[in-house]
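Trainee: Could you take me on a close look at one part of this structure, the helices packed beside a bound ligand, and then follow the contacts outward from there? I'd love one connected account rather than a list.

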Amino acid sequence: MKLLVTGGAGFIGSNFILYWLKKHPNDKIVNLDKLTYAGNLENLKSVEKNPNYEFIHGDICNPQLVNQITSNIDVIVHFAAESHVDRSILDAAPFIKTNIEGTYVLLEAALKNKVSRFHHVSTDEVFGALPLNSKVKFTEKTAYNPRSPYAASKAASDHLVRAYQITYNLPSTISNCSNNFGPFHFPEKFIPLAITNLIEGKKVPVYGDGLYVRDWLYVEDHCRAIDLILQKGNIGETYFIGGLTDDINNIEVIKKILRLLNKEESNIEYVKDRPGHDRRYSIDWNKINKELGWKPEHDFDEYLKMTIDWFIKNQDWWKRIKTGKYLDYYKKQYA
Ligand code: NAD
Ligand code: DAU
């Protein structure tokens, strides 16, 4: 089988390529990535000489290129996106371009070249915010209610994928997952920002009152879920993927990280809140569990420790990022 992975140099895409080549060594992967600030080929060093892996530097918004690449592809797994909510608040334009137009370009190429599957990787953020102190979870039946430019652009991309499936019979599936964490997580996101700041002797910026709840999913569990959807998922279906955190808020997450790194709580710094900050996400992943037999392999504490160990062992990787262009964004965001 030959897969086109878009955004394969990013956090989840690179974990997916490493996972896939290990699990399915006879398959071929083409990785199409524009290498924005978030794309990092270092993540893929261990496979760059693998004859079954090919990297193409390019933009998913380029129809000629995408059409040409897709001509001999069986399956598209679409990760490429602008993915950081705070950046979408500073400037929505690249989100509209890549997340909406880029998805449209890929769908057109998938249709024209008759791929056997288009899998679209999406997010729980498209469903908006759940109230605190309630047991309500997002399910595959929850109505869309995106509240940030990032979430709105991802919602639009989900609608396009569904429309192509219904109108043109494009064989597609969608997954909406919660907050991923693990190796190669770009240090602008909360968990890697916290770990790396603390290792550097800096404080952790916590937005608002810190009582925001996210559902944390280990990236390898996510990759395994996509694998199952590709093997056994039904065309036209959406699957939710989440973790084993039972309503843990950002302060509780930080306290766990502080304990694991032997740091004091005085390292928490409350900063200005994110505009439109969604209060709570919680994913009901019963459908993928019942239909495809997926569940997370370990609990949050175990994965958090593995993640911290990875960031301790791979300081060169994130220090190169944190001393590069990312510094300009950091100064602007936390001014
Ligand atoms: P990321 O920001 O780490 O990586 C995105 C990758 O896409 C980068 O390699 C970047 O260079 C590439 N890219 C961006 N624009 C491109 C373009 N126009 N053409 C080609 N490549 C382009 O993102 P991530 O965290 O790995 O997220 C991957 C996908 O998963 C996204 O679609 C995101 O919406 C979704 N998702 C992420 C999370 C999460 O917690 N990180 C959770 C749910 C869903
Ligand atoms: O829910 C899935 C989404 O998870 C994905 O679709 C997005 O691509 C991904 O970036 C992530 O979005 P979040 O906005 O939830 O993740 P982030 O790591 O930016 O923030 C997690 C929580 O931590 C959120 O409540 C905001 C808070 N936060 C974040 C940062 C960067 C802080 O308190 N301080 C910070 O400095």
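Mentor: Happy to. Let's begin with helix H11, residues 315-322, whose buried residues are Trp317, Trp318, Ile321 and Lys322. Viewed down the axis of H11, these buried residues stay within an arc of 120°, so they line one face of the helix. Please keep in mind throughout that this is a predicted model. The partners of that buried set are three helices: the buried residues of H11 pack against H6, H10 (300-313) and H12 (326-333).

Of those partners, let's take H12 next. Its buried residues are three tyrosines, Tyr326, Tyr329 and Tyr330. Down the axis of H12 they fall within an arc of 100°, so here again the buried residues line one face of the helix. Turn H12 around and you find the exposed residues Asp328, Lys331 and Lys332 on the face pointing away from the buried side. On the buried side, H12 packs against H3, H6 and S8 as well as H11.

Three of those names bring us to ligand 2. What surrounds this ligand, and which residues are closest? Its shell holds 24 residues, and the closest are Thr123, Asp124, Tyr150, Arg274 and Tyr334. Start with the polar pairs: a polar side-chain atom of Thr123 sits 2.6 Å from an oxygen atom of the ligand, and a side-chain N or O atom of Arg214 lies 2.8 Å from a ligand oxygen. Ser83 contributes through its backbone, with an N or O atom 2.7 Å from an oxygen atom of ligand 2. The protein buries 95% of the 690 Å² that ligand 2 exposes when taken alone. The elements giving two or more residues to this shell are helix H3 (85-90), helix H6 (190-199) and strand S8 (204-207). These are elements against which the buried residues of H12 pack, and H6 is also among the partners of the buried residues of H11. The largest share of the shell, three residues, comes from S8. By residue class, the shell divides into 10 nonpolar, seven polar and seven charged residues.

Now follow Ser83 and Tyr150 across to ligand 1. How many residues surround ligand 1, and which are closest? There are 28, with Ile12, Asp33, Ser83, Tyr150 and Lys154 the closest. Tyr150 is thus listed among the closest residues to ligand 2 and among the closest to ligand 1. Ser83 shows a division of labour between its atoms: a side-chain N or O atom is 2.7 Å from an oxygen atom of ligand 1, while a backbone N or O atom is the one that lies 2.7 Å from an oxygen of ligand 2. For Tyr150, a polar side-chain atom lies 2.7 Å from an oxygen atom of ligand 1, and Asn180 brings a backbone N or O atom to 2.9 Å from a ligand 1 oxygen. On its own, ligand 1 has 830 Å² of accessible area, of which the protein covers 97%. At least two shell residues come from each of helix H1 (11-23), strand S5 (117-123), helix H5 (149-168) and strand S7 (179-181). S5 gives the most, with three residues. The class count for this shell is 12 nonpolar, 12 polar and four charged.

Let's finish on S5, since it holds a residue worth inspecting: His119. Is it buried or exposed? With the cut-off for buried at under 20% relative accessible area, His119 counts as buried at 0% relative accessibility. Its side chain is joined to that of Ser175 by a polar contact of 2.8 Å. Setting aside neighbours within four places in sequence, His119 is in contact with Ile76, Val77, His78, Thr173, Ile174, Ser175, Ile226, Ile229 and Leu230. One of these, Ile76, is 43 residues away along the chain, yet its C-alpha atom is 6.0 Å from that of His119.

How values were computed. Residues numbered from 1 in each chain as written. Chains lettered and ligands numbered in written order. Predicted model: local features only at pLDDT ≥ 70, side-chain atom pairs only at ≥ 80, totals over all residues. Heavy atoms only, no water. Near = heavy atom within 4 Å. Polar contact = N/O pair within 3.5 Å; in protein donor to acceptor, adjacent residues only side chain to side chain. Areas by Shrake-Rupley, 256 points an atom, 1.4 Å probe, with all protein chains shown as cover. Helix = DSSP H or I, 4+ residues; strand = E, 2+ residues; numbered from the N terminus. Nonpolar A, V, L, I, M, F, W, Y, C, P; charged D, E, K, R; others polar. Buried < 20%, exposed > 50% of the residue type's maximum accessible area, 1.4 Å probe, protein only. Arc of directions from axis to C-beta. Contact = heavy atoms within 4.5 Å.
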